[in-house]
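Work through the exercises below with the model open beside you. Try each task before reading its solution.

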Amino acid sequence: MAARHVILIGCVQTKLDAPAPAADLFTSPLFKARRAYAERSRRRWYVLSSRYGLLAPDRIVAPYDLPQARQPVDDRNIWAEMVLAQLQEELGGLKGRVLEVHAGSAYVDPIAPSLADLGATVLAPLRGLGLGQHLAWYAAQTPAPRAPRKRART
């Protein structure tokens, strides 16, 4: 049921200075680790943008400066309504979906209750952890490279 499991990764402040696909626009080590995790999962994934809401990884967007954590609660709630509408349109409904959110509490907290009300299961595996713990968690999710096999001599 992998198609029912979707990963949402939060945007970050460090960005390119020109428009780019959402997957490439954000350049911090944390975002790169989140992106690598999402891509390795082979699940559908999106970026949660404080400016644009839900972004497909290939959607080209301009850089912006709008830290979600600095937004008033009312603005975050308006943002959450936008994201919920975008998710429903993009996914065709949320009932029975698992939404794995890799983002700070300023992203998770406004959307999690409404997602649950709409029948989705919300997972936030890194909730409450610091930046170093996030990076360590993603590093631990990366499979170790395999050593080259030696050919048997004949």
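The exercises go from the sheet to single residues and then to aromatic rings.

This is a predicted model, in which local features need pLDDT of at least 70, side-chain atom pairs count only at pLDDT 80 or more, and totals for chains, interfaces and linings use all residues. Residues are numbered from 1 along each chain as its sequence is written, and side-chain values use heavy atoms, with hydrogens and water left out.

**Exercise 1. The sheet**

Find the order of the strands in the open sheet, then its edge strands.

Solution. Start with the terms: helices (H or I, at least four residues) and strands (E, at least two) are DSSP runs, numbered from the N terminus. Two strands pair if DSSP finds at least two bridges between them. The open sheet has five strands, in the order β4-β3-β1-β6-β7, with mixed pairing. Its edge strands are β4 (53-55) and β7, each pairing on one side only. From one strand to the next, the twist averages 30 degrees. Helix α3 (residues 73-91) packs on this sheet and touches β1, β3 (44-49), β4 and β6. Contact here means heavy atoms within 4.5 Å. The direction of α3 makes about 35 degrees with that of β4. For such angles, axes are lines fitted to C-alpha atoms, for helices over the stretch in contact, and angles run from 0 to 180 degrees between N-to-C directions.

**Exercise 2. Strand β6 and its neighbours**

Trace how β6 pairs with β1 and with β7.

Solution. Take β1 to begin with: five bridges join it to β6, and the two run parallel. Val6 has Leu99 as its bridge partner in β6. Ile9 is partnered by His102. Now turn to β7 (residues 121-123), which pairs with β6 in the parallel sense over three bridges. Leu123 in β7 stands opposite Glu100. Between β6 and β7 the chain passes through helix α4 (residues 105-117), in a right-handed β-α-β crossover. Right-handed means that, with the strands pointing away from the viewer, the path from the first strand over the helix to the second runs clockwise.

**Exercise 3. Two buried residues**

Describe the surroundings of His102 and Lys15.

Solution. Buried means under 20% relative accessible area, exposed over 50%, partly exposed in between (1.4 Å probe, protein chains only). His102 lies in strand β6 (residues 98-102). His102 counts as buried because its relative accessible area is 1%. Four of the five residues of β6 are buried. The side chains of His102 and Glu100 share a polar contact of 2.7 Å. Such a contact is a pair of N or O atoms within 3.5 Å; within protein, one must be able to donate a hydrogen and the other to accept it, and residues adjacent in sequence count only if both atoms are side-chain atoms. Beyond four places in sequence, His102 touches residues including Arg34, Tyr37 and Trp137.

Next, Lys15 sits in the loop between β1 (5-10) and β2 (20-21). Lys15 is also buried, because its relative accessible area is 18%. A polar atom of its side chain lies 3.1 Å from the backbone oxygen of Gln13 and one lies 3.2 Å from that of Tyr64.

**Exercise 4. Aromatic rings**

Which kind of aromatic pair do Trp79 and Tyr107 form?

Solution. Rings of Phe, Tyr and Trp (its six-membered ring) pair if their centres lie within 6.5 Å; planes under 30 degrees apart count as stacked, over 60 as edge-to-face and the rest as tilted. The whole structure holds seven aromatic pairs. Trp79 and Tyr107 are edge-to-face, at 5.6 Å centre to centre with 80 degrees between the planes. Trp79 is in α3 and Tyr107 in α4, 28 residues apart. Both are buried.
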